[in-house]
Amino acid sequence: MTRRRRPARLAALTLTAAVALTLSACGGDGNSSDETDKIADASTAGSAPAASPTTSEPSTVDRPEIELPSDLSYKFDWPSTGDEDEDAVLADSEQSIKAVDLAIVNQDALDEAYLTYYEGEAAASTQEFIQAYVRENARVTGSYRYYDGAVNMRAKDTASLVYCEDQSRAYDMYLKPKKVNKTPVTRNSYVLYNTQLAKNHNGIWVVEKMRSQRGSDRCQP
């Protein structure tokens, strides 16, 4: 969402020293079993129960409107848990993922929407990630799918969310001249994320820390 896409010249970019969110869908073979274990261990609550997929948007407080180009689409195949707090984490996480892509589309590393959903370490590293796209005069295009989401409520106002991202039908698009950089589908097209979130004073679940593993076994189709 995010974290987290493509151009080959940007493929070495990381959002933090601990977060390997590369921009290339095919990427290099940077899989680390130790790192994958760390992410998987963070999901101690286990997988959420199966239910109908939801793309709900949080409505308890004012949130920025996120309008993306028609060539970008998102499918969130994670369930409604039936728990108000857990569902709020999922709903705000959907918006946070889209907000990063909106900043990339807008070519604005200080875009208001993503700054609503990211704070602290995650905000700083995400700004660097977006700025890399701005420097390359590129943005994302295509379809993204998110699945196997599991929320762990650590306390009343803190939580973690572990989930997978399918980038197999998503690409980078250079803007001048306009060119889509289509890359082959490999195991590195599937990324495992662990986000640490907190509910802020506005009642929004914001991302404070993020860790990822490209090519994770857990996320392979």
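I started at Gln-107, which sits in the loop between α2 and α3 of this predicted model. Its phi caught my eye: about 55°, positive although Gln-107 is not a glycine. I then checked its exposure; at 22% relative accessibility Gln-107 counts as partly exposed, because buried would need under 20%.

Next I looked for a similar case and landed on Asn-137, in the loop between α4 and β2. Phi of Asn-137 is near 50°, again positive in a residue other than glycine. Asn-137 has 26% relative accessibility, so I noted it as partly exposed.

Back to α2, the helix that Gln-107 follows. At the N-terminal end I found Asp-83 as the cap, with a side-chain oxygen 3.1 Å from the backbone nitrogen of Asp-85. Does the span of α2 agree or disagree with its length? I worked with 1.5 Å a residue: the 23 residues should span 33 Å, and the end C-alpha atoms are 32 Å apart, so the two agree.

Then I turned to the packing. The largest nonpolar core holds 41 residues, and Trp-78, Tyr-118, Ile-130, Tyr-146 and Leu-161 have the most contacts inside it. Elements giving two or more residues to this core include α2, α3, α4, β2 and β3. The largest share, 8 residues, comes from α2. I also noted another core lying apart from that one, with 6 residues, including Tyr-147, Tyr-190, Leu-192 and Cys-219.

Last stop: the peptide bonds. Lys-176 and Pro-177 are joined by a cis one, with omega about -5°. I placed Pro-177 in the loop between β3 and β4.

Note on methods: Residues are numbered from 1 along each chain as its sequence is written. This is a predicted model: local features need pLDDT of at least 70, side-chain atom pairs count only at pLDDT 80 or more; totals for chains, interfaces and linings use all residues. Side-chain values use heavy atoms; hydrogens and water are left out. A nonpolar core is a set of buried Ala, Val, Leu, Ile, Met, Phe, Trp, Tyr and Cys residues joined through side-chain atoms within 4.5 Å. Buried means under 20% relative accessible area, exposed over 50%, partly exposed in between (1.4 Å probe, protein chains only). Helices (H or I, at least four residues) and strands (E, at least two) are DSSP runs, numbered from the N terminus. The expected span of a helix is 1.5 Å times one less than its number of residues. A polar contact is a pair of N or O atoms within 3.5 Å; within protein, one must be able to donate a hydrogen and the other to accept it, and residues adjacent in sequence count only if both atoms are side-chain atoms.
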